[in-house]
Amino acid sequence: MGKLSAEQLRDRVRGQVVTPDDEGYDQARTVHNAMIDKKPAVVVHCANAGDVMAAVDFARENGIDLAVRGGGHSVPGFGTCDGGVVADLSAMRGVRVDPVRRTARAEGGATWGDFNAATHAFGLATTGGIISTTGVGGLTLGGGIGYLARGLGLSCDNLVSADVVTADGRLLVASAQENEDLFWALRGGGGNFGAVTSFEFRLSPVKDVYGGPILFEIDSAATVLRGFRDLIADAPEQLGGFPAFQIAPPLPFIPQDRHGEPFILIVACWSGPVEEGEKALRAFHEFAPVVAEHVGPMPYPALNSAFDGLVPPGLQHYWKANFVTELSDAAIDAHTRHGPLVPAVNSTVHIYPINGACHRVGPDATAFAYRDASFATVIAGMWPDPADNEANTSWVRDYYAATAPHSEEGGYVNFMADDDQSRVKANYKGNYDRLVAAKRAYDPDNLFHLNQNILP
Ligand code: FAD
């Protein structure tokens, strides 16, 4: 190893430093996507911001790769590396709620499960992801799409400030008042600008929601997609959720003889008054006959963890993504040809509406540029057996090829694969040059390059 040894790093940090000779190394190098098999030289289980600073200094001074890991959900495996140092923030997951100011401060390794549990106690929430085990860190830095986005905006739109360890090892506060260019870049620019040790969010009153999955026959896919598109264009903003293609898992609310068949779903979430939920979801039921559903009132964290069981750690992942400004009939036609071929029960396609409050933020107000997109689509291939890699990646690629001509050039950075680096510029449209300027200011040597990378 270079100038600093792992022993010197151990002396400097509070958390555990794991090297290939240590017990627990294999666990420490593992990320959510089992296709990623990388062997870092050092994994630092950071206990505090000082440890993160030490890990950043260690990578910079030794001239080795640096991976920053929050929830570890990056499909391209950006949370680990070969031969470098991993700053693993997963032990830093405290969440402190200020119910009077309606804010919450989450440490850089918190998951949405950690966050929602803490804020729910006060009847408060902000936009987070669909799955509770996803990291607040990576999801927010890329934008953040979820059930509450139509009403509350993207996760990054609710960010008030962040504590950031930059490439030179300093800890900076980024907010509307301090280091504004860094704050701008963090909101959509991904992990390009530093390691965020804590995120401060604005909260809104959301406690219980009315929602869950509604399954329709796969033959109704075009009707359901057109119905959802037309309804959601000007539906009340408390109405969230998304259409999805999904194989029925063996759950008791689905007729047993239909388990294993593909369906078109609407996963609904009404975050207005719970007693109005049934009425709010009624229009969905008029799209087509409902085969099965599991909707009702529930705590918001329950909906946020309802599908965790379908995406355990250790699956193979390959994803592709696009934005559409308009979900055209031609795009729907491509979905109805490829969606029904979904090859595994863990795999899915989600078509997230990102209108409403997401559109009220200007395209250059944050780094997240696609404020005119009405939907963000993810084709999420997830399957257990590596023997099925070819079949599953082909499904994702063919599906993507069919929808791409009817989509925008860019896609949501958090849903994209590692073979999508050439699309990074398109993802940021008119914001790209300003992102490059921020990168030059805060990370001129591209220490933080394991991400959808903005070249300085
Ligand atoms: P990591 O792998 O830890 O990190 C991902 C990237 O973010 C890396 O480049 C990393 O360096 C950087 N990063 C993470 N934490 C920090 C930090 N504290 N400081 C600086 N950089 C950091 N996205 C949505 O918008 N909505 C969803 O509903 C959604 N659902 C998902 C469900 C699953 C099962 C999976 C696998 C992904 C989902 N995603 C969703 C995509 C998700 O937003 C990205 O995978 C995101 O990068 C995950 O963040 P993480 O912290 O868990 O991942």
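User: Start with the ligand. How many residues surround the ligand, and which are the closest?

Analyst: Read a binding site from its shell. In this predicted model, 34 residues surround the ligand. The closest are Val 68, Gly 70, Gly 72, Ile 145 and Tyr 412.

User: Which elements give two or more residues to that shell, and which gives the most?

Analyst: Sort the shell by secondary structure. Strand β3 (66-69), helix α5 (136-142) and strand β10 (195-202) each give two or more residues. Helix α5 gives the most, with four residues.

User: How do the shell residues divide into nonpolar, polar and charged?

Analyst: The shell around the ligand holds 17 nonpolar residues, 16 polar ones and one charged residue.

User: Which polar backbone atom is 2.6 Å from a nitrogen atom of the ligand?

Analyst: Look for N and O pairs. The backbone partner of that ligand nitrogen belongs to Ile 145, at 2.6 Å. Ile 145 is also among the closest shell residues. Ligand oxygen has backbone partners too. His 73 offers a polar backbone atom 3.1 Å from an oxygen atom of the ligand. For Leu 450, a polar backbone atom is likewise 3.1 Å from a ligand oxygen.

User: How much of the ligand's accessible area does the protein cover?

Analyst: Compare the ligand on its own with the ligand in place. On its own, the ligand has 940 Å² of accessible area. The protein covers 97% of that.

User: Now charge pairs. How many salt bridges does the count come to?

Analyst: The general idea is simple. Side chains of opposite charge can pair when their charged atoms come close. In this structure the count comes to 26 salt bridges.

User: Take Asp 22. Which residue forms a salt bridge with Asp 22?

Analyst: Arg 10 does, and the closest N and O atoms are 2.7 Å apart. Next, place both ends. Asp 22 sits in the loop between β1 (16-18) and α2 (25-28), while Arg 10 is in helix α1 (residues 6-12). The two are 12 residues apart.

User: Are Asp 22 and Arg 10 buried or exposed?

Analyst: Neither label fits. Asp 22 has 27% relative accessibility, so it counts as partly exposed. Arg 10 is partly exposed as well, at 26%.

User: Where do Arg 105 and Glu 200 lie?

Analyst: Arg 105 and Glu 200 form a salt bridge, with the closest N and O atoms 3.4 Å apart. Arg 105 lies in strand β6 (residues 103-107) and Glu 200 in strand β10, so the pair ties together parts 95 residues apart in sequence. Strand β10 also gives residues to the ligand shell. Check each end for cover. Arg 105 is partly exposed, at 32%. Glu 200 is buried, at 8%.

User: Which residue does the side chain of Asp 329 meet in a salt bridge?

Analyst: Arg 229, at 2.9 Å from N to O. Asp 329 is in helix α11 (residues 329-338) and Arg 229 in helix α8 (residues 221-232). They are 100 residues apart. Asp 329 is partly exposed, with a relative accessible area of 44%. Arg 229 is buried, because its value is 17% and the cut-off is under 20%.

User: Which residues are linked in a network of salt bridges?

Analyst: Lys 320, Arg 397, Asp 419, Asp 420 and Arg 423.

User: On to strands. How does β1 run relative to β2, parallel or antiparallel?

Analyst: Read the bridges between neighbours. Strands β1 and β2 (residues 42-45) run antiparallel, joined by three bridges. Val 18 stands opposite Val 43 in β2. Then take β4 (residues 85-88). Strands β2 and β4 run parallel, with four bridges between them. His 45 has Asp 88 in β4 as its bridge partner.

User: Last, backbone angles. What is phi of Arg 102?

Analyst: Scan for positive phi outside glycine. Phi of Arg 102 is near 55°. This residue, Arg 102, lies in the loop between β5 (95-98) and β6. Arg 102 is partly exposed, at 40% relative accessibility. Asn 179 is another case, with phi near 45°. Asn 179 is in the loop between β9 (171-175) and α7 (180-186). Its relative accessible area is 27%, so Asn 179 is partly exposed.

Conventions
Residues numbered from 1 in each chain as written. Predicted model: local features only at pLDDT ≥ 70, side-chain atom pairs only at ≥ 80, totals over all residues. Heavy atoms only, no water. Near = heavy atom within 4 Å. Polar contact = N/O pair within 3.5 Å; in protein donor to acceptor, adjacent residues only side chain to side chain. Areas by Shrake-Rupley, 256 points an atom, 1.4 Å probe, with all protein chains shown as cover. Nonpolar A, V, L, I, M, F, W, Y, C, P; charged D, E, K, R; others polar. Salt bridge = Lys/Arg side-chain N within 4 Å of Asp/Glu carboxyl O. Buried < 20%, exposed > 50% of the residue type's maximum accessible area, 1.4 Å probe, protein only. Pairing = 2+ DSSP bridges.
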